[in-house]
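Work through the exercises below with the sequence and the 3D view at hand. Each task is followed by a solution in steps.

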Amino acid sequence: MRQGKVLFLKVVIVILGLIVLGICIGLPFLAKETAELNPAYAYLKYPVLFGMYLTAIPFYFTLYQGFKLLRYISVNESFSEHSVAALRAIKYSCASISVIYLIGMIFLFTQDALHPGVALMGFAIIFVTTILSIFSAVLQELLYNVLKIKSENDLTI
């Protein structure tokens, strides 16, 4: 039963990766169309594209670390230093996405180009990635404490 749940989560990770890849492929066309419709903000086309592609790097790194974590779970290495390292990497990746979006929103605000819909989406992304970062940090600390107790028990016996 556990293998089915792990397989389901792996499929979800792959689907998320494919969806974001599709979005990344479509972004230049959307940016071109937006620049043509709003020539006053056309100068923001490349900075916004750069920021969006920049966030794709930690996103895919997070997906990779999540995939590794699921692999550790499937081979019964859930309680290992590798799992702690994967959770630490997920924590920092999510935090970096939050910081990149925050910087981008501040940049758009200073350019008087922060549309309320864009601001709402940006805040939602910042909120979700911050929550994921905190959740990963809590799980990392919990797993680290379990590993300490496990090593103390191994030394006792």
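**Exercise 1. Decide whether Gln65 is buried or exposed, then place Gln65 in the fold and list its contacts.**

Solution. Gln65 has a relative accessible area of 6%. The cut-off for buried is under 20%, so Gln65 counts as buried. The model is a predicted one, and this value is computed from it.

Next, locate the residue: Gln65 lies in helix H2, which covers residues 45-74.

Last, find what surrounds the side chain. With residues up to four places away in sequence set aside, Gln65 touches Ala86, Ala89 and Ile90.

**Exercise 2. Look at the pairing from the other end: which helix holds Ala89, and which residues does Ala89 contact?**

Solution. Ala89 sits in helix H3, residues 81-110. Its contacts, apart from neighbours within four places in sequence, are Phe61 and Gln65. The contact with Gln65 therefore appears in both lists, and Gln65 belongs to helix H2, so this pair links H2 to H3.

Ala89 has a relative accessible area of 14% and is buried. For a distance check, take Ile125, which is 36 residues from Ala89 along the chain: the two C-alpha atoms are 18 Å apart.

**Exercise 3. Repeat the analysis for Leu69: is Leu69 buried or exposed, and which residues are in contact with Leu69?**

Solution. Start with the location, which is helix H2. The relative accessibility of Leu69 is 17%, so Leu69 counts as buried.

Then take the contacts. Neighbours within four places in sequence are left aside, and Ser83, Ala86 and Leu87 remain. Ala86 is also on the contact list of Gln65.

For a distance check, use Tyr101, 32 residues from Leu69 along the chain: their C-alpha atoms are separated by 26 Å.

**Exercise 4. Determine how many disulfides the structure has, and explain the state of Cys94.**

Solution. A search of the whole structure returns zero disulfides. Cys24 takes part in none, and the nearest cysteine sulfur to its own, that of Cys94, is 16 Å away.

Now apply the cut-off. A disulfide needs two cysteine sulfur atoms within 2.5 Å. The closest cysteine sulfur to that of Cys94 is in Cys24 at 16 Å, so the two are too far apart for a bond.

Finally, check the exposure of each cysteine. Cys24 is buried, at a relative accessible area of 13%. Cys94 is buried as well, at 4%.

**Exercise 5. Describe the chain as a whole: how many helices and strands are there, and is the chain compact or spread out?**

Solution. The chain has four helices and zero strands, in the order α-α-α-α along the sequence. The radius of gyration is 20 Å, well over the 15 Å that the globule rule gives for 157 residues, so the chain is more spread out than a compact globule. The C-alpha atoms fill a box of roughly 70 × 30 × 20 Å along the principal axes.

Next, consider burial and contacts. Of the 157 residues, 31% count as buried. Among contacts with a separation of 6 or more, 80% are between residues 24 or more positions apart.

Last, take the surface and the charges. The accessible surface is about 10500 Å², and carbon and sulfur atoms account for 76% of this area. There are 11 positive and 8 negative side chains, with the centres of the two sets 7 Å apart.

Conventions:
Residues numbered from 1 in each chain as written. Heavy atoms only, no water. Helix = DSSP H or I, 4+ residues; strand = E, 2+ residues; numbered from the N terminus. Rg over C-alpha atoms; globule rule 2.2 N^0.38 Å. Buried < 20%, exposed > 50% of the residue type's maximum accessible area, 1.4 Å probe, protein only. Contact = heavy atoms within 4.5 Å. Areas by Shrake-Rupley, 256 points an atom, 1.4 Å probe, with all protein chains shown as cover. Lys, Arg positive; Asp, Glu negative; His and termini not counted. Charge placed at Lys NZ, Arg CZ, Asp CG, Glu CD.
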